[in-house]
Amino acid sequence: MDGQPLDSSFRDPSGFVFTREGVLYRQVNRVFQDEFEAVTASGLYDELAGQRLLVPHRPVSLDLAASGEAAAVLEPERIPFISYPYEWSFGQLRDAALLTLELQERALVRGLTLRDASAYNVQFDGGQPVFIDTLSFERRKEGAPWMAYRQFCEHFLVPLALMSRVDIRLGSLLRTHLDGVPLELGARLLGGRSWRSLGLLFHVRLHAAAQRRYRDRAPGAAALRPVGAETLLGLVRGLRGAVDGLRWSPAGTEWSEYTTDNNYTAAAASSKRELVSGLLRGRGVRTVWDLGANTGEYSRAARAVAERVVAFDLDPAAVERNYRRVRAEGESGVLPLLMDLTNPSPALGWAHRERLSLEQRGPADALLALALVHHLAIGNNLPLGRIAEWFARLGRTLVIEFVPKADSQVQRMLRSRPDIFPCYTREGFEAAFRASFEIDAVHPVAGSERLIYLMTARDGDEIGAA
Amino acid sequence: MYIDPTSGSLALQVLAAAALSAVAMFSRAREASKSFFRSLVSRGRRWTGSR
């Protein structure tokens, strides 16, 4: 709603983000004016924005303010696609953690500090993590400890430690624990593993023990002794060492070898790449969502004709590999994210509004669904008509591959289960998708029996009539 | 401040401060004793005329 705070921006009394006529603004409230001016005067904003560590903003007229409490209004650069920590790969969460620590270190050097250390303050602009909460910085009071220390550990260190030392799938705990994985839960799940790292021993196990000891009581005089800036720098460097020491090698998951372990010949793969970019070209496509992108082979073919591609996959290893490639090659416009399409990110948080569902963040101009539909229809018993309905809500143009039952990949899926999918035929597929899409073109994939379709979603009232 | 830092987290930072001070003090003492013994050895060499 115009001039209303966004549903993800209401906890901090110092200001909020809102939109007016489609433009994103950040209001700085009078209660935070002095702090904001002090941080601006310190030169930290300019330094960080200049290095793309912080999203740049420009001051605009106070007339644009959303309420009478405004002291300033800023227009931040808009991040094209908002993603959430529970959709990031291990490397993305680790890079976001290191960025947060880098910012805190630079702030401390200037006599400032980060007031919070939420993972939601970081977004990805292609492969580059960027801090988005301009109002997170304030002047540090002499002797004050780091108020966001616990939050940093729960949002970053604990989930990273669990993913690295216990099981990569524990990253999904961030979806149920929006304010970070509790220290005590992290310590319990890590068990004896936290004794093997001094960083984890201190920042997780001892931290959890301190939480238990001081639960429901104010800290005594001893615990309120001043903490010097040097100590905080030591703490931040210790945290960086702990995060740096956490590694995960993307191997051994179900889909991690898919790019090399598939039945495409080189000719078929090349034909598919050309088809993807050829079909999208000339349709004015700016944003593409690649559903089931694996390591992003065809996301890059789409990127050749679109400004931005979000590459979703359910496999943590595939997403990690894709992210590492984006980082290594300095690619812009490709954002790999974790997403189980059979259970996509829902709307979460207060009143189901703080974190948007995948669908709420769309629609994209175009969708790619290559070598995906058989996994949804046969692997997950999803009726083709329902798949088509959902895809029509996610994007207007659809490039989709139909993999027939004769294909060795489908045969592999049917090896261990009865074939209860009589409608899974070319005719059944086309009939199911015609209810939600117009079929504009069909092309065979060279060297295979697979087909690639170009479709356009029908308008809402057309769907009922089709 | 709009997030709860929690008492345990504050207490741990004070503990970290104490530990870092102790480490710094220990390092300074170690350096002081090393330089003291170094100076004793070099003085001994001067008295005995050893090279």
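Two residues are in contact if their C-beta atoms, placed from the backbone, lie within 7 Å. By that rule, the contact takes 16 residues from chain B and 29 residues from chain A. On the side of chain B that touches chain A, 11 residues are nonpolar, five are polar and none is charged. Here Ala, Val, Leu, Ile, Met, Phe, Trp, Tyr, Cys and Pro count as nonpolar, Asp, Glu, Lys and Arg as charged, and the others, Gly among them, as polar.

This is a predicted model: local features need pLDDT of at least 70, side-chain atom pairs count only at pLDDT 80 or more, and totals for chains, interfaces and linings use all residues. Residues are numbered from 1 along each chain as its sequence is written, while chains are lettered from A and ligands numbered from 1 in the order in which they are written.

**Chain B**

Chain B has one helix and zero strands. Helices (H or I, at least four residues) and strands (E, at least two) are DSSP runs, numbered from the N terminus. Of the 51 residues of chain B, 20% count as buried. A residue is buried if 20 or more other C-beta atoms lie within 10 Å of its own, exposed if 12 or fewer, and partly exposed in between.

**Two positive phi angles**

Neither residue in this table is a glycine.

| Residue | Phi | Place | C-beta atoms within 10 Å |
|---|---|---|---|
| A:Glu21 | about 50° | loop between strand 1 (15-20) and strand 2 (23-29) of chain A | 7, exposed |
| B:Thr6 | about 70° | segment before helix 1 (7-48) of chain B | 20, buried |

**Helices of chain A**

Helix 8 (residues 229-244) has 16 residues. From first C-alpha to last it reaches 22 Å, close to the 22 Å expected at 1.5 Å a residue. That expected span is 1.5 Å times one less than the number of residues. Its buried residues are A:Thr231, A:Leu232, A:Leu235, A:Val236, A:Leu239, A:Ala242 and A:Val243. They fall within an arc of 140° seen down the axis, so they line one face of the helix. The arc is that of the directions from the helix axis to the C-beta atoms.

Helix 13 (residues 384-394) has A:Leu384, A:Ile387, A:Ala388, A:Phe391, A:Ala392 and A:Leu394 buried. These cover an arc of only 155° around the axis, which puts them on the same side of helix 13.

A:Glu105 lies in helix 3 (residues 90-109). It is partly exposed, with 16 other C-beta atoms within 10 Å. Not counting residues up to four places away in sequence, A:Glu105 touches A:Leu233 and A:Val236. A:Glu105 and A:Arg237 are 132 residues apart in sequence, yet 8.1 Å apart in space, C-alpha to C-alpha.

**The core**

A nonpolar core is a set of buried Ala, Val, Leu, Ile, Met, Phe, Trp, Tyr and Cys residues joined through C-beta atoms within 7 Å. The largest one holds 135 residues. Among the members that touch the most others are A:Leu157, A:Val204 and A:Val288. Helix 4 (residues 149-165) of chain A gives the largest share, 10 residues. Leaving out residues up to four places away in sequence, the contacts of A:Val288 include A:Leu280, A:Ala302 and A:Asp365.

**Strands and a cis bond**

Strand 14 (residues 437-444) and strand 15 (residues 451-457) of chain A pair in the antiparallel sense over seven bridges. Pairing requires that DSSP finds at least two bridges. A:Ala441 stands opposite A:Leu454 in strand 15. The hairpin has six residues between the strands, and A:Gly447 takes a positive phi near 75°.

The peptide bond from A:Gly362 to A:Pro363 is cis, with omega near 0°. A:Pro363 lies in the loop between strand 11 (334-338) and strand 12 (364-369) of chain A.
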